[in-house]
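I opened the model to look up a few strands, helices and annotated positions. My notes follow in the order in which I checked them.

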Amino acid sequence: PMPPPPPPSQGAMATGAANHPLPCSVGRPKGTNQRRRPASLSVRASSDANTVTLLDYGAGNVRSVRNAIRHLGFNIRDVRSPEDILAADRLVFPGVGAFGSAMDVLNRTGMADALREYIRRDRPFLGICLGLQLLFDSSEENGPVSGLGVIPGVVRRFDSSEGLIVPHIGWNALQITKDTQLLQGADGHHVYFVHSYHALPSDANRDWISSTCNYGESFISSISMGNIEAVQFHPEKSGATGLSIFEKFLSPNSSGAKAPAHRKASKLAKRVIACLDVRSNDNGDLVVTKGDQYDVRDHSSSKEVRNLGKPVELASQYYIDGADEVSFLNITGFRAFPLGDLPMLEVLRCASEKVFVPLTVGGGIRDFTDGSGRYYSSLEVASEYFRSGADKISIGSDAVFAAEAYLQTGVKTGKSSLEQISRVYGNQAVVVSIDPRRVYVKSPDEVQFRTVKVSSKGPLGEEYAWYQCTVSGGRDSRPIGAYELAKAVEELGAGEILLNCIDCDGQGGGFDIDLIKMVSDAVTIPVIASSGAGSVEHFSEVFEKTNASAALAAGIFHRKERSVDC
Ligand code: 1PR
């Protein structure tokens, strides 16, 4: 589930208000059947109508939920003790991390009993993602593990044995099964899901279900009973539709913000991702830039880094234009240590206050020892990105080295950045970015790597090509192909692959269909097609001809040739 948890060293109790060192100049428009009895708990005085209580049990980053609540004009009171739960007027519970560790914390702190009691009293409650799953009897996740036991049923993993892509990541349609205020007008709307586990409808829990969603099979996307609501999707990351749902919970008399007209398809939608390559220019300002085949310097005599605008402004614009996700790639992160890169962290903090769809950030995620000899693990680097507002992180160079080592030894050491981060944060939070270059060959026998028969022959009439991976932003080529890398990183715990192609980058001539088909047929995790979009037809083509789950583009949006929602 999203958002992901931080490293275990962070401690287990409520974290209090999100750390928020610098203000961003952001406008904030206003916008039962209890089955177990808890131990007795006293109740404190209750709060004012504009304050919502947030159960952040310290297992992860709930910055996005906080940002959405504040954006809708509400204050947040953090739960610090079980009594705070019982004193709440309105409780939001964005469960994060794995089911078992969440239940451990809730049981150990007495919050599990307080939650059961709060729910038994039918007090206003909104569970999000794991916050829905925990209401059930138990989960298979690293288990079986017992849940809160409020709703009958077992939470199970999606079955990927028939090729279903797991995690279920992306925008999928709600099918409303019960008339509730929360989901009024949301039938058929797409909302953002990211999860590998789900609860299934049954006779025993039928009365609870307020909507279902279809992914491989029909699963429970929300429940509603009296004042108890919970959703499997992320309203805080579901754009205007999600904010409208959230607002209906926060101020029940509102009709919610205006949600966009609903999209008709009733299956997982293909995503369109706006990408911002970010780096410091020669004056030291962090700018959005864009390369041609990864060369971001002007071809004029000045050779300056191309400056296409300010990162937060552009990200906000693409969100408003309808991007399904926004990615920031810190393209020189491989040089400098990103924790020293405070402007980039500040960009993330500010963007996450304005952008209510998933944010991915990549660049420089690796173990690192700084000039003073201080060692930072890649997990610390990733944690800093998550804390600053990222929903997913993307690893480039370091994943190539990890895959090479794995393919050489056949041993998963568990120590690579990819393995560590996906173990702690869940694989849905870890994207691997691949930067390959096409290498033509006359025959597949010429190389040990997987080749494709290319649609357009090479300069010497070659009919085949393999795709050689690179590191450090295309500067160094490595002895591994994109196909081999993709398979290896899937095994090491990647949740998604961002598949670039240096030859096509910035050219506007279309995606490399041969490459994308080869890789998206080879793995069962989602593949994001990237590089080369120059027209609307290029997006249609890549979705028709390959198994890509999403398409990412940069130049076409920066040049304003097309708006994201075209
Ligand atoms: O290796 O973990 O530090 O990560 C570095 C990250 O920065 C990688 O994800 C790598 O792809 C990216 N990167 C490094 N150098 C460059 C560069 O351009 N010089 N940008 C770079 C990669 C490629 C795309 C681009 C698409 C779409 N950018 O993400 O946005 O090709 O472009 P288009 O639609 O204009 O064709 P690490």
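**Strand β12 and its partners**

I started with the pairing of strand β9 (residues 175-176) and β12: two bridges join them, and the strands run antiparallel. The model is a predicted one, and I read every entry below with that in mind.

I looked for the residue of β12 that faces I176, and found S211 opposite I176.

Next I turned to strand β13 (residues 217-225). I noted six bridges between β12 and β13, and this pair also runs antiparallel. Within the pair, C213 stands opposite F219 of β13.

How many residues lie between the strands in the hairpin of β12 and β13? I found one residue between them, and I noted that G216 in this hairpin takes a positive phi near 75 degrees.

I then checked burial along strand β12 (residues 209-215). Six of its seven residues are buried, so I recorded β12 as largely enclosed by the rest of the structure.

**Annotated positions**

I looked up the UniProt record, an unreviewed entry. Its "active site" annotation covers C129, H234, E236, D277 and D435. The record's "binding site" annotation covers C129. I followed up two of the positions, C129 and D435, both of which are in the "active site" list.

I located C129 in strand β4 (residues 125-129). Is C129 buried or exposed? I entered C129 as buried, because its relative accessibility is 0% and the cut-off for buried is under 20%.

D435 I found in a loop, between β22 (430-434) and β23 (436-441). The relative accessibility of D435 is 12%, so I counted D435 as buried. Leaving out residues up to four places away in sequence, I listed the residues that D435 touches: Y294, Q468, C469, T470, N500 and I502.

**Q133**

I placed Q133 in helix α5 (residues 130-133). At 1% relative accessibility, Q133 went into my notes as buried. Which residues are in contact with Q133, leaving aside neighbours within four places in sequence? I noted F99, V155, H195, Y197, H198 and Q232.

**Helices α7 and α8**

Two packed helices are described by the angle between their axes and the distance between the axes. I took both values for helix α7 (residues 311-321) and helix α8 (residues 342-354): the axes come within 9 Å and cross at roughly 25 degrees. Angles under 35 degrees count as roughly parallel, and I therefore entered α7 and α8 as roughly parallel to each other. I recorded the crossing in which α7 passes α8 as right-handed.

For the residues at this meeting, I listed P311, V312, S316 and Y319 on the α7 side and V347, C350, A351 and K354 on the α8 side.

**Helix α12**

Last, I checked burial in helix α12 (residues 482-492). Eight of the 11 residues are buried, so I noted α12 as largely enclosed by the rest of the structure. The buried residues of α12 are A482, Y483, E484, L485, A486, A488, V489 and L492.

What follows α12? I found G493 there, with a positive phi near 120 degrees.

Terms used:
Residues are numbered from 1 along each chain as its sequence is written. This is a predicted model: local features need pLDDT of at least 70, side-chain atom pairs count only at pLDDT 80 or more; totals for chains, interfaces and linings use all residues. Side-chain values use heavy atoms; hydrogens and water are left out. Buried means under 20% relative accessible area, exposed over 50%, partly exposed in between (1.4 Å probe, protein chains only). Helices (H or I, at least four residues) and strands (E, at least two) are DSSP runs, numbered from the N terminus. Two strands pair if DSSP finds at least two bridges between them. UniProt positions are given in the numbering used here, feature names are shortened, and annotations may be inferred rather than shown by experiment. Contact means heavy atoms within 4.5 Å. Axes are lines fitted to C-alpha atoms, for helices over the stretch in contact, and angles run from 0 to 180 degrees between N-to-C directions. Angles under 35 degrees count as roughly parallel, over 145 as roughly antiparallel, 65 to 115 as roughly perpendicular and the rest as oblique. A crossing is left-handed if the near helix is turned anticlockwise from the far one by less than a right angle, and right-handed if clockwise.
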